[in-house]
Amino acid sequence: MAGGAGYFAGGHTGSAPSSAITKLGFSDESAATLSATLPTALYTQAGASAPTRGLLFGGSNGSNNTSTIEDLTFSSEATSSLAASLVYSIGEAAAVWTSTAAYIGTIPDYTNYIIKFSFSDDTSDFIAATLAVGRTAGAGVTASTRGYWGGGYTTGNSYEIAGIQWTML
């Protein structure tokens, strides 16, 4: 999210992964497809917003989950694939974030891991904290003091909400 706009990127066209990026203007709720596209067509990525850029983590190429990290610089709306990659291949994950890092949970394979991605040096690693229930395909919500993961799928639908307190990290 960049001040007055939000971005949607990637996804699935019904027959293949997409590399399209759509910008949503908040003031008038206008939507426009950018001429820039993602370097890699993927879907089920986890998204996060750093102070100057948006990031997409992992995602599926139709055959496998990936450890790819792609970014969109807000000021120029230019995209790139980072040289760094995630510590674990993910798809159907969800991210929450602070001004300094993203935390990716609800990772595939029903694992309860949380991956931290540091915005300052583009590195990722597992953190000691884990989700109480391993699940996939959840959603993430960021608040000023916590990040929350909710819903998703375990061996059935998951209705649990898990939180991580920023001061505990």
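Biologist: How do the residues lining the largest pocket divide into nonpolar, polar and charged?

Modeller: In this predicted model, the lining comprises 12 nonpolar, 7 polar and 2 charged residues. The pocket itself has a volume of about 440 Å³, and its lining numbers 21 residues, with Y7, F8, G47, A48 and L56 nearest the centre.

Biologist: Which strands supply the lining of the largest pocket?

Modeller: At least two residues each come from β1 (5–9), β4 (46–49), β5 (53–57) and β6 (69–73). Of the lining, β1 gives the most, namely 4 residues.

Biologist: What makes the contact between R53 and D71 a salt bridge?

Modeller: The closest N and O atoms of R53 and D71 are 3.2 Å apart. The criterion is a side-chain nitrogen of Lys or Arg within 4 Å of a carboxyl oxygen of Asp or Glu, and the pair therefore qualifies. R53 belongs to strand β5 and D71 to strand β6, 18 residues apart.

Biologist: Why is R53 called buried?

Modeller: The relative accessible area of R53 is 11%, and buried means under 20%; R53 is therefore classed as buried. D71, at 8% relative accessibility, also counts as buried.

Biologist: How do you know that R53 and D122 form a salt bridge?

Modeller: The N to O distance between their side chains is 2.6 Å, and the limit is 4 Å, so the pair of R53 and D122 meets the definition. D122 lies in the loop between β10 and β11, and R53 in strand β5, so the salt bridge ties together parts 69 residues apart in sequence. Salt bridges with shared partners join R53, D71 and D122 into one network.

Biologist: Why does D122 count as partly exposed?

Modeller: D122 has 22% relative accessibility. Buried requires a value under 20% and exposed a value over 50%, so D122 falls in between.

Biologist: How many salt bridges does a search of the whole structure find?

Modeller: The search finds 3. One of them pairs E77 with K23, at 2.8 Å from N to O. E77 is in the loop between β6 and β7, whereas K23 is in strand β2 (residues 21–25), and the two are 54 residues apart. K23 is partly exposed because its relative accessibility is 29%, which lies between the cut-offs of 20% and 50%.

Biologist: Why is L82 called buried, and where is L82 placed?

Modeller: L82 has 16% relative accessibility; the threshold for buried is under 20%, so L82 satisfies it. L82 is placed in the loop between β7 (78–81) and β8 (94–97). Beyond its neighbours within four places in sequence, L82 is in contact with R53, L55, I69, D71, F117 and D122.

Biologist: Which residues of the largest nonpolar core touch the most other members?

Modeller: Among its 17 residues, these are L55, F57, I90, I104 and F117. β4, β5, β9 (101–105) and β10 (115–118) each supply at least two residues of this core. A second, separate core of 11 residues includes W149, A162, I164 and W166.

Biologist: What makes the phi of E92 notable?

Modeller: Phi of E92 is positive, about 55°, although E92 is not a glycine. E92 is found in the loop between β7 and β8. A137, in the loop between β11 (123–126) and β12 (139–142), has a positive phi near 60° and is likewise a residue other than glycine.

Biologist: Why is A137 called partly exposed?

Modeller: The relative accessible area of A137 is 41%; this value is neither under 20% nor over 50%, so A137 is partly exposed. E92, at 40% relative accessibility, counts as partly exposed.

Definitions and conventions
Residues are numbered from 1 along each chain as its sequence is written. This is a predicted model: local features need pLDDT of at least 70, side-chain atom pairs count only at pLDDT 80 or more; totals for chains, interfaces and linings use all residues. Side-chain values use heavy atoms; hydrogens and water are left out. On a 1 Å grid over the protein atoms alone, a cavity is a set of points where a 1.4 Å probe fits but cannot get out, and a pocket is an open set with protein on both sides within 12 Å along at least five of seven lines; lining residues have an atom within 4 Å of a point. Grid points are joined across faces, edges and corners, and a volume is the space filled by probe spheres set on the points. Ala, Val, Leu, Ile, Met, Phe, Trp, Tyr, Cys and Pro count as nonpolar, Asp, Glu, Lys and Arg as charged, and the others, Gly among them, as polar. Buried means under 20% relative accessible area, exposed over 50%, partly exposed in between (1.4 Å probe, protein chains only). Contact means heavy atoms within 4.5 Å. A nonpolar core is a set of buried Ala, Val, Leu, Ile, Met, Phe, Trp, Tyr and Cys residues joined through side-chain atoms within 4.5 Å.
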